[in-house]
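Here's a quick tour of how some helices sit against each other. Have the sequence and the 3D view open as you read.

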Amino acid sequence: MALATLYCRAQLGMEAPLVTVEVDIGNGLPAFALVGLPEASVREARERVRAAILNAGFEFPARRITVNLAPAELPKEGGRFDLAIALGILQASNQLPAKVLDGIECFGELALSGELRSCQGLLPALLACKQAGRCALYPQANEAEAQLLKDLQAHGAPDLLAVCAHVAGQRALPLTSTPVPDGTAVDEGALSLNDVVGQAQAKRALLVAAAGGHHLLFIGPPGTGKSMLARRLPGLLPPLGEGQAQEVAAIHSLAGKPRDQGHWRLPPWRSPHHTASAVALVGGGSVPRPGEISLAHQGVLFLDELAEYERKVLDALREPLETGEVSISRAAQQARFPARFRLVAAANPCPCGHFGNPRRPCRCSPDQIRRYLARLSGPFLDRIDLQVEVAMLPPGSLSGSAQAGPTMIELREKVAACQQRQWARQGCLNADLEGEAMREACALGPELAQWYDATLQALGLSARVHHKLLKVARTLADWQRAEAIGQLHLAEALQYRAMDRLLAGL
């Protein structure tokens with residue numbers, strides 16, 4: 001047989017398009033041609049495959065070898081095509097039986113010794129392989145990722161020789177069937193909301209943000225507990241569903257940061273430094289890669305010292321905050337990544353941090369404060385549902401007795417119950433309500449609607465804030481198991497606009 005056809009998959013954002021690997025061995029001077037728009041890392045497969053085949057004890061044909069990666073217009077990058085190319089050469093040179101690789105997709109980078117090395121971003125390819133009803137051969141080093149997919153027909157292999165023995169029927173590789181841990185293990189004693197002294201309103205806002213999927217901003221002087229509060233939000237969120245957890249794991253696989261099996265169903269937590277660039281936060285590169293907002297998908301993105309970020313970096317978040325996804329366009333290709341995350345941010349009210357602190361006078365002039373807060377654009381702040389002031393504690397608060405209150409388990413169960421009511425009513429969390437679904441879920445009586453409109457006009461709030469406040473009020477009603485939004489819910493939602501009050505005071 002002089003022609004062999006195998007299957008692999010490329011990487012294009014979250015998608016894994018099928019690639020047909022065609023290997024032809026013909027007469028002529030010895031040569032090895034690799035075509036089909038390969039990147040440099042793919043072109044280098046010629047040397048890796050040649051050495052791996054020889055060191056595995058097979059013969060490398062001294063003839064003209066042509067390898068085509070179809071479709072030709074799809075860019076291919078990475079070492080994942082090595083195994084398919086090597087098996088195609090062995091099959092086309094009659095060193096492997098014909099037809100034994102039909103219905104099998106092959107992934108893996110070959111070492112010169114023939115060992116199979118792990119592939120970055122393999123999970124989306126395995127998921128697409130499962131949906132196509134094919135079996136997969138992959139490096140044993142990626143077995144932890146493969147185990148996240150139930151009922152996956154796949155085999156992990158340590159080297160090229162083991163793969164050849166498997167397809168030739170000499171020594172079968174074990175099927176990937178080892179059950180993974182539940183992935184919801186939480187250290188209940190690690191972080192508790194009772195560790196934060198006082199700050200009742202901020203704790204209330206944190207629970208509302210957890211229950212409704214709202215974005216949250218804490219404003220206050222240094223040392224008031226803003227970061228402590230934010231770090232306790234992941235512990236309030238219920239575990240992810242299996243489909244959500246697999247999507248999150250696929251994003252982390254693309255970034256080369258596979259999730260820990262023991263915690264793979266817990267919402268992710270990302271906390272980039274304030275020197276992060278727009279590409280690091282949103283994603284990008286010549287070959288698009290997911291950024292921090294995609295790595296925080298279905299979890300929490302914490303931005304500490306919010307006003308220290310560059311304005312253009314924060315403004316790059318405006319579209320993902322609204323749509324829940326990010327589209328990255330480059331000259332060579334485009335990619336879409338999901339980015340439905342909860343933004344939790346902490347900021348000081350002024351450069352010195354003590355504006356409004358009665359016990360420590362502020363050293364900043366109004367102009368300095370305005371320039372400092374001007375880094376946060378109005379459209380960006382409008383997209384943050386809850387803006388809460390975290391004030392200095394009264395004297396003697398820190399030396400008092402330990403805080404008593406509900407445990408994190410009890411609070412998480414209450415948050416989960418509130419979210420279940422939202423999913424049952426509208427099929428999404430309140431923060432994601434749009435269009436007709438929002439009008440039905442957030443309907444107001446005639447008198448209440450008139451009062452609400454008059455209040456918004458008096459405060460000069462935008463139409464986007466109008467909708468955000470309605471969604472927060474809906475969450476407050478769900479938290480209290482109320483069927484309809486009441487005036488108290490709207491009044492409480494209006495209290496969570498601390499930045500508006502701060503800017504008005506200047």
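**How the helices pack**

Helices α4 and α9 are oblique to each other, because their angle of about 130° falls outside the ranges for roughly parallel (under 35 degrees), roughly antiparallel (over 145) and roughly perpendicular (65 to 115). This is a predicted model, where local features need pLDDT of at least 70, side-chain atom pairs count only at pLDDT 80 or more, and totals for chains, interfaces and linings use all residues. Residues are numbered from 1 along each chain as its sequence is written, and side-chain values use heavy atoms, leaving out hydrogens and water.

**α4 against α9**
- The axes (lines fitted to C-alpha atoms over the stretch in contact) are 7 Å apart.
- In contact (heavy atoms within 4.5 Å) are L122, L123, P124 and L127 of α4 with Q246, A249, A250, S253 and L254 of α9.
- That contact has seven nonpolar, two polar and no charged residues.

**A look at α9 itself**
- Helix α9 covers residues 242-254, and its end C-alpha atoms are 18 Å apart, which agrees with the span expected for 13 residues at 1.5 Å a residue.
- Its buried residues (under 20% relative accessible area, 1.4 Å probe, protein chains only) include V248, I251 and H252.
- Those buried residues pack against α4, α5, β13, α11 and β16.
- After α9 comes G256, with a positive phi near 75°.

**α18 against α20**
- Helices α18 (446-459) and α20 (487-495) cross at roughly 15°, their axes coming within 11 Å, so the two are roughly parallel.
- Among the residues that meet are W451 and Y452 in α18 and L490 and L494 in α20.
- The residues of this contact split into eight nonpolar, two polar and no charged.

Note on methods. Helix = DSSP H or I, 4+ residues; strand = E, 2+ residues; numbered from the N terminus. Expected span 1.5 Å × (residues − 1). Buried < 20%, exposed > 50% of the residue type's maximum accessible area, 1.4 Å probe, protein only. Axes fitted to C-alpha atoms, helices over the stretch in contact; angles between N-to-C directions. Nonpolar A, V, L, I, M, F, W, Y, C, P; charged D, E, K, R; others polar.
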